[in-house]
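Me: Please take me closely through one part of this model: its charged side-chain pairs and what lies around them. Keep it brisk, and explain each term as you go.

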Amino acid sequence: MNRLVAAVVVLLLAALAPGPAHASTGDLTDPATKEIAMELVSSAENSSLDWRAQYSYIEDIGDGRGYTAGIIGFCSGTGDMLQVVRAYTRVRPRNRLARFIPALRRVDGADSHRGLGRPFVRAWRAAAHDRAFQRAQEHERDTGYFRPAVRLARSDGLGALGQFAYYDAAVVHGVNGMRAVRRRALTTAATPAAGGDETTYLDAFLDERVVEMQKEAAHENVDRVELAQRRFLREGNLGLVPPLRWSVYGDAYEILEAPQST
């Protein structure tokens, strides 16, 4: 076999050789795909795709984190609600929420309403009409949850679905909680960046996410994992490309085409 024929054979064999079972696709930093991510989270957090209608949302859902509020469920007991109000106050020093900053500091780490109560709830809902307050929520969402989750997922070689899986885990469990889920998943599967198959790894990550969800009564319903993220994974939709159909808590949702981000 001369060199030319040998080279052709090598090229043909390379072309016929199976590649990775699934390659990462899509990116949550794309505005339209990020909009899909926001709608997916809102369906689980607020039973609505209209995440922008949630700036004024606030209630105590009984999960031991005090008040849950805003576009991704900032909590008075976990410190991120305090960060939102502080960011808002830097822009609007004389806002109606500023006076609650000392109380938010005191209840950080607890489920207490002390110093907050109905006056705080009314002030939160009133502030939600201010675009500066809306931006403060978006900033905390992006800096505290979205960007760290997406950055880690991209370094793991994951596409849009995997990036969303990390982000959604961060929203519910915090970034440290999401990292803990990831560490456990790595004991059974390798990330694509480490040579693993993307679907196999995401299956392992979602398995561990279910375990994490079921540690708390308030989060023991795992529809947002099994009937949304796992469904997309089974469909091979690693890029979160519409049409997307899923259900959460008995309600069905669909995104039929890429939304317009605003």
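Reply: Lys215 is exposed, with a relative accessible area of 56%. Here exposed means over 50% relative accessible area, buried means under 20%, and partly exposed lies in between (1.4 Å probe, protein chains only). The model is predicted, so local features need pLDDT of at least 70 and side-chain atom pairs count only at pLDDT 80 or more, while totals for chains, interfaces and linings use all residues. Residues are numbered from 1 along each chain as its sequence is written, and side-chain values use heavy atoms, with hydrogens and water left out.

Now look at the partner of Lys215. Lys215 forms a salt bridge with Glu212, and their closest N and O atoms are 3.1 Å apart. A salt bridge is a side-chain nitrogen of Lys or Arg within 4 Å of a carboxyl oxygen of Asp or Glu. Glu212 has 15% relative accessibility, so Glu212 counts as buried. Lys215, at 56%, counts as exposed.

How many salt bridges does the structure hold? There are 21.

Take Asp207 and Arg230 next. Their side chains meet in a salt bridge, at 2.9 Å from N to O. Asp207 lies in helix α8 (residues 198-213) and Arg230 in helix α9, so the pair ties together parts that are 23 residues apart in sequence. Helices (H or I, at least four residues) and strands (E, at least two) are DSSP runs, numbered from the N terminus. Asp207 is partly exposed, with a relative accessible area of 41%. Arg230 is buried, with a relative accessible area of 7%.

Asp207 and Arg230 also belong to a network of salt bridges. Its other members are Asp203, Glu226 and Arg234.

A further salt bridge involves Arg224. The side chains of Asp168 and Arg224 meet at 2.7 Å, N to O. Asp168 sits in helix α7 (residues 160-185) and Arg224 in helix α9, so this pair ties together parts that are 56 residues apart in sequence. Asp168 is buried, and Arg224 is buried too.

Now follow the chain out of α9. What comes between α9 (223-234) and β4 (244-248)? A loop does, and Pro243 is found there. Leu240 has its place in this loop. Gly239 lies in the loop as well.

Start with Gly239. At 9% relative accessibility, Gly239 counts as buried. Its C-alpha atom is separated by 8.6 Å from that of Gly162, although the two residues are 77 apart along the chain.

Then comes Leu240. Most residues other than glycine have a negative phi, and most peptide bonds are trans. Leu240 has a phi near 50°, a positive value in a residue that is not glycine. Leu240 is also buried, at 1% relative accessibility.

Which kind of peptide bond runs from Pro242 to Pro243? The bond is cis, with omega near 5°.

Past the loop, β4 meets its partner. β4 and strand β5 (residues 251-255) pair in the antiparallel sense over five bridges. Two strands pair if DSSP finds at least two bridges between them. Ser247 stands opposite Ala252 in β5. The hairpin of β4 and β5 has two residues between the strands, and Tyr249 takes a positive phi near 55° in this hairpin.

Another positive phi lies elsewhere in the chain. Ser47 is not a glycine, yet its phi is positive, at about 55°. Ser47 is found in the loop between α2 (31-46) and β1. Ser47 is partly exposed, with a relative accessible area of 41%.

The strand after that loop is part of a sheet. The sheet is open, has three strands in the order β1-β2-β3, and uses antiparallel pairing. β1 (58-59) and β3 (74-75) stand at the edges, each with a single partner strand, so one side of each is left without a neighbour in the sheet. Two bridges join β1 to strand β2 (residues 68-69), and these strands run antiparallel. Ile58 stands opposite Ala69 in β2.

Back to the charged pairs, to close. Arg224 joins Asp168, and Arg230 joins Asp207. Both arginines lie in helix α9. Both are buried.
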